[in-house]
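Please load the model in a viewer and keep the selection panel at hand. The stops below are meant to be followed in order.

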Amino acid sequence: MRFLVAAIGVTVAASLDILAGPGLQAMFYLPAILLVTLLAGWQAGIACCTASILVAWSLAMPLRGTDLRLDLFAAVAIVVLGVAILVRRMLVEMKLTEARLRSLVEASSGIVFTTDSTGHIRELHPGLSDVTGVNWDEYRGRSWRDLVHPEEAAILPQGPLDGTQSIHLELRLQDPFTKEWRWYRVRALPLTGYDGMVREWVGSLTDIHEARLSREQRELLVEDLRHRMKNLVTVIVGLAKTSRSGRHAEVEEFLKRFLGRLYTLGTAADIVLASNRVSIETGAVIRATLSPFGEPARFHIDGPELHLSEQTGAALAMAVHELATNALKYGALSVPDGSVSIVWSCTPVEDGERVVFEWIERGGPATTPPEKPGVGTRIISFVPQHEKAGDVKIDYRTEGLFCRIEFTKAAGQPETASAARANSATLL
């Protein structure tokens with residue numbers, strides 16, 4: 001079939017060449033080579049080019065003498081053949097890309113639409129009619145904004161759209177059958193021309209109604225959990241205070257430590273629930289834990305943003321509480337000029353991040369090691385138990401207590417949200 005097309009092309013070109021007369025030598029073969037190559041492929045193009053050179057030369061000899069430059073004609077014919085092959089390949093790739101994009105659009109769960117650079121819909125998109133229940137005339141141009149819920153329509157971009165970044169929105173459209181407002185996620189990407197200006201926007205519309213309702217329900221449950229947790233802490237504090245008999249120093253000391261640890265755990269849990277995250281931010285939990293221990297100016301807190309798992313974050317909060325309590329009774333916080341530095345660092349390693357946390361007291365009385373480790377020491381040593389390569393060092397220096405806690409935080413922490421949410425209730 002391809003060679004038949006080549007033969008037809010050469011025959012037509014030769015016929016036109018003969019009819020045109022001596023003034024138009026071989027001018028019809030080059031268009032024939034171009035058309036045959038575009039229509040039938042490179043094999044037919046090569047056949048047509050070869051046949052055109054032979055036929056043009058054979059016709060030129062008896063009809064016009066030897067004034068036809070065969071070498072020049074052959075060179076031009078080969079160049080035209082190469083250009084035609086390149087153009088055909090580009091056209092095939094464009095067609096394949098278009099077919100691939102159409103397949104991706106059909107396979108996606110969302111509705112794909114396009115607008116011009118100003119947000120006007122210029123083409124019919126049947127998917128939008130299916131979702132909104134309106135016809136083309138009711139959403140063409142910028143009329144599609146009238147279909148959006150008034151609350152979201154008020155925050156839609158009004159002026160020219162900035163093409164330097166994509167657009168991500170969540171908005172409501174009314175279901176044509178139930179008349180309820182359903183949530184959709186809109187994502188749009190700009191397509192720019194050679195001059196860098198936005199030519200059009202390509203967007204997708206995805207139904208996220210059930211996921212949105214689930215997220216709102218989860219947020220309500222989290223708020224309810226925070227409220228119940230605070231009430232539980234209040235009840236435990238009340239029971240602890242009213243259950244003591246008399247004013248015994250040992251009982252008062254135990255009650256003070258117990259309630260301090262309880263408040264610390266409650267603070268750590270509240271930070272997690274308030275941010276609705278699956279991790280604890282180190283700086284936030286340290287500042288919240290130290291807030292009852294005097295003026296902020298006596299504490300120097302410094303370190304990068306670091307998110308720890310709930311277990312490690314809660315254990316670190318307990319350790320900071322123990323160190324602050326000890327500093328208030330015996331260390332740097334027991335004197336007016338004492339201060340404490342709390343610093344931490346993160347260094348990338350092969351299997352994650354190496355985290356180093358340091359507690360440094362200055363300006364306080366000289367420290368001496370205890371005769372035997374107490375409960376506070378065991379609490380501090382417990383911090384890196386859920387991490388890899390953990391180590392704790394406590395040094396009773398003359399200028400003040402020094403404590404270093406280090407461990408390797410594995411890549412990918414914290415764990416999944418479901419596991420962390422299940423553990424959040426166990427912080428108390």
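Which residue lies over the face of W183? Select W183 together with R212: the arginine R212 lies over the face of this ring, at 3.7 Å from the ring centre. Please bear in mind throughout that the model is predicted.

**Overview**

Zoom out and colour by secondary structure. The chain has 13 helices and 11 strands. Of its 428 residues, 38% count as buried. Among contacts between residues at least 6 apart in sequence, 60% join residues at least 24 apart.

**The loop before β3, and R187**

Select K179, in the loop that lies between β2 (167-174) and β3. The backbone of K179 has a positive phi of about 65°, although this residue is not a glycine. K179 counts as exposed because its relative accessibility is 52%, and the cut-off for that class is over 50%.

Continue into strand β3, which spans residues 181-192, and select R187 there. Is R187 buried, partly exposed or exposed? Its relative accessible area is 44%, so R187 is partly exposed; that class covers the range between 20% and 50%. Now display what surrounds R187. Leaving aside neighbours within four places in sequence, R187 is in contact with I167, H168, V202, G203 and S204. Add S166 to the selection as well: R187 and S166 are 21 residues apart in sequence, and their C-alpha atoms are 7.2 Å apart in space.

**The aromatic pair in α6**

How many aromatic pairs does the structure hold? The structure holds 1 aromatic pair. Select W136 and Y139 to see this pair, which is edge-to-face, with 5.4 Å from centre to centre and 80° between the planes. Both residues belong to helix α6 (residues 136-139), and because they are 3 residues apart in it, about one helical turn separates W136 from Y139. An α-helix has 3.6 residues a turn, so residues three or four places apart point the same way. With a relative accessibility of 1%, Y139 counts as buried, the limit for that class being under 20%.

**The five-stranded sheet**

Next, select the strands β6, β8, β9, β10 and β11. Together they make an open sheet of 5 strands in the order β6-β8-β9-β11-β10, with mixed pairing. The edge strands are β6 (299-302) and β10 (388-396), each of which pairs on one side only. On average, neighbouring strands of this sheet are turned by 10° against each other, direction ignored.

Move to the edge formed by β10. Strand β11 (residues 401-410) runs antiparallel to β10, and 7 bridges join the two. These strands form a hairpin with 4 residues between them, and in the turn G400 has a positive phi of about 145°. Select Y396 and L401 in this hairpin: Y396 stands opposite L401 of β11. Then display R397 and F402, where the charged end of R397 sits over the ring of F402, 4.0 Å from its centre.

Within β10 itself, select A389. Like the earlier stop in a loop, A389 has a positive phi, here about 50°, although A389 is not a glycine. A389 counts as exposed because its relative accessibility is 52%.

**Helices on the sheet**

Which strands does α10 lie across? Show helix α10 (residues 282-290): it lies across β6, β8 (339-349) and β9 (352-362), and runs at about 165° to β8. Helix α11 (residues 310-329) also packs on the sheet, touching β9 and β11, and its direction makes about 15° with that of β9.

Return to α10 and colour its buried residues, which are T282, G283, V285, I286, T289 and L290. At the N-terminal end of α10, select E281, which caps the helix: one of its side-chain oxygens lies 3.1 Å from the backbone nitrogen of G283.

**Last stop: F382**

Finally, select F382 in the loop between α12 (375-381) and β10. F382 counts as partly exposed because its relative accessibility is 43%. Add M318 to the view: F382 and M318 are 64 residues apart along the chain, and 9.5 Å separates their C-alpha atoms.

Key. Residues are numbered from 1 along each chain as its sequence is written. This is a predicted model: local features need pLDDT of at least 70, side-chain atom pairs count only at pLDDT 80 or more; totals for chains, interfaces and linings use all residues. Side-chain values use heavy atoms; hydrogens and water are left out. Two strands pair if DSSP finds at least two bridges between them. Axes are lines fitted to C-alpha atoms, for helices over the stretch in contact, and angles run from 0 to 180 degrees between N-to-C directions. Contact means heavy atoms within 4.5 Å. Rings of Phe, Tyr and Trp (its six-membered ring) pair if their centres lie within 6.5 Å; planes under 30 degrees apart count as stacked, over 60 as edge-to-face and the rest as tilted. Buried means under 20% relative accessible area, exposed over 50%, partly exposed in between (1.4 Å probe, protein chains only). A charge sits over a ring if NZ of Lys or CZ of Arg is within 6 Å of the ring centre and within 35 degrees of the ring normal. A polar contact is a pair of N or O atoms within 3.5 Å; within protein, one must be able to donate a hydrogen and the other to accept it, and residues adjacent in sequence count only if both atoms are side-chain atoms.
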